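Colleague: I am new to this structure and would rather learn one part well than skim everything. Could you take me on a close look at the beginning of the chain, and then show me what else is worth finding?

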Amino acid sequence: MSSSPALSARGSRLALLVVGLCWLAVLFDGLDMFIYGSVLPHLLETKTFGLTPDQAGDLGSYATFGMLVGALTAGTVADRIGRKKLMVVCVIVFSLASAMCAMADSVAVFGLGRTVAGIGLGGLLPTAISMVSDYAPRGRGAIVIGLLMTAHHVGGILSAYVAKWLIDPVGWRAAFWVCVLPLLFAPVLAKFLPESLSFLVAKGRTEEAQELATRYDVELPAAKSGKAGAGDRWTNLANLFRGGEWVQTLLYWLASFGGLLLVYGVATWLPTLMRAEGYELGSALSFVVVFNLGGIVGMLVAGRAADRFGAPRISALWFALTAAGVFLLSVHMPMTVTMIVVFFAGLFLNSAQTMIYATVSIRSNPGTRATAVGWTSGMGRFGAVFGPWLGGQLLASGQGEWGFTAFAIAGLSSMVFIGIAALRSSKPAGEDDRKDELVAAH
């Protein structure tokens, strides 16, 4: 192996290959995730399938419920078949599910398609993050993960343009047919994406791992001993509730619930709520573009800010600024001002939840840190299911003007919960293994 502290040219090429392929996969993930919100105003205005606002909220929740299932099962499935194969399967699943949505002749079929798509979407993102973590240059893991996460927001931007370009001349089904195109990317992923070195080593396929590491002149990861079994995981979960720890644990869970309620509620209903505020459909979709541009900037800024000022402070501050921005969206302002508010709301909202995971990782004991972060993420996924449903219920009851206010309150609640949790514990955990645990949270 090369003793140079810098990656060799071959190692750099491998890192670029893995990050590039995973970035494209996550872009398609973001496109499929945001496309529903982008076509939703048209579906409601044309009463497609006789769709009502409360049904539309249910449909948005179906996808996030599927993501909950996909995220919770991704680790187990990846341990069995490998991360590369799981990524390929996830791309195929959400592409075919989009075809089901494009051909749907009823709300039930469309809802099934969104649920299945959610399973693929939920499984792909944590797997892709794990893959790039394996091949990231030493000391650059956080930056590479931040770069990867920008792809999700680029997909969101693309979804708005797909809707703007296709809905009027062709129809909403064409937008979902575009989301089937990643199916053509699956063979490329299968052919050129190398398998995770960590997976190969863990499965005892050391010769295969060594051949790959030698070919590209990268460092072979050490085999991990003493991997926690199911009994250890349940013991670690129980430890989160022993003594006074149960208060801390519940505060983290409540903060995560409110955070993901806010993220997925706004992602689903932003165009529709802006349409209800009196903006034209084209302008409402432009807000999706600006919102995701803010998300890209936020992903690159949040980590640096947290390193300097501390993740708990940034998490609480980010949620406060998010709540203020989202609440202002309920006020009809000049277009330029609204665009600026949408940009900053996207900047803070899309990285605030990540700061919760960072806070939990920093404040947790090393022995239970992975469990604490994983369960904080899992509890938050229930908020992701609830957010789209809540928006639909408010619109169905004629209270659509309260939509942004409700989401702003969720942001304030997360600010309070994560702030109290941080104040209750000022004990920083060690740095070892933190990157892997934050990766698992996504």
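Modeller: Happy to! One definition before we start: helices here are DSSP runs of H or I with at least four residues, numbered from the N terminus. Please also keep in mind that this is a predicted model.

A few figures for the whole chain will set the scene. The protein chain has 17 helices and 0 strands. Of its 442 residues, 55% are buried. Its accessible surface comes to about 18500 Å², and carbon and sulfur atoms account for 65% of that. If you take contacts between residues at least 6 apart in sequence, 83% of them join residues at least 24 apart.

Now to the part you asked about. Helix H1 covers residues 9-45, and Ser-38 is a good place to begin. Is Ser-38 buried or exposed? Its relative accessible area is 1%, which means that Ser-38 is buried, since the cut-off is under 20%. What covers Ser-38 can be read from its contacts: leaving out residues up to four places away in sequence, Ser-38 touches Ser-159, Ala-160, Ala-163, Ile-167, Pro-271, Leu-285 and Val-288. Cys-22 is buried too, with a relative accessible area of 0%.

H1 also takes part in salt bridges. Side chains of opposite charge can pair when their charged atoms come close. Asp-32 and Arg-114 form such a salt bridge, with 3.0 Å between the closest N and O atoms. Asp-32 belongs to helix H1 and Arg-114 to helix H4 (residues 107-135), so this pair ties together parts that are 82 residues apart in sequence. Both partners are tucked away from the surface: Asp-32 is buried at 0% relative accessibility, and Arg-114 is buried at 1%.

Move along to Glu-45, and you meet another salt bridge, this time with Arg-275, at 2.7 Å from N to O. Here too distant parts of the chain are linked, with Glu-45 in helix H1 and Arg-275 in helix H11 (residues 245-276), 230 residues apart. This pair is not buried: Glu-45 is partly exposed at 45% relative accessibility, and Arg-275 is partly exposed at 25%.

Past H1 comes the loop that leads to H2, and Lys-47 lies in that loop. What is notable about the phi of Lys-47? Its value is near 50°, which is positive even though the residue is not a glycine. Lys-47 has a relative accessibility of 58%, so it counts as exposed, the cut-off being over 50%. Phe-49 sits in the loop between H1 and H2 as well. Phe-49 is another non-glycine residue with a positive phi, about 60°, but its relative accessible area of 27% makes it partly exposed.

The loop brings us to H2, which has 29 residues, numbered 53-81. You can check its length yourself. The expected span of a helix is 1.5 Å times one less than its number of residues. For H2 that gives 42 Å, and the end C-alpha atoms are 40 Å apart, which agrees. If you follow the axis of H2, you will find a bend of about 45° at Ala-74. Just after H2 comes Gly-82, with a positive phi of about 100°.

With that part in view, here are some sights elsewhere. Ser-351 lies in helix H14 (residues 335-363) and is buried at 0% relative accessibility. Not counting neighbours within four places in sequence, Ser-351 is in contact with Gly-298, Met-299, Ala-302 and Trp-318.

How many salt bridges does the whole structure hold? The search finds 3. You have met the pairs that involve H1, and Arg-205 with Glu-208 makes another, at 3.0 Å from N to O. Arg-205 is partly exposed, at 35% relative accessible area, and so is Glu-208, at 38%.

What about disulfides, and how many are there? The count is 0. Take Cys-179 as an example: the cysteine sulfur closest to its own is in Cys-101, 8.8 Å away, and a disulfide needs sulfur atoms within 2.5 Å, so the gap is too far for a bond. Cys-179 is buried, with a relative accessible area of 1%.

Conventions: Residues numbered from 1 in each chain as written. Predicted model: local features only at pLDDT ≥ 70, side-chain atom pairs only at ≥ 80, totals over all residues. Heavy atoms only, no water. Helix = DSSP H or I, 4+ residues; strand = E, 2+ residues; numbered from the N terminus. Bend = angle between axes of the 7 residues up to and from the residue. Buried < 20%, exposed > 50% of the residue type's maximum accessible area, 1.4 Å probe, protein only. Contact = heavy atoms within 4.5 Å. Areas by Shrake-Rupley, 256 points an atom, 1.4 Å probe, with all protein chains shown as cover. Salt bridge = Lys/Arg side-chain N within 4 Å of Asp/Glu carboxyl O.
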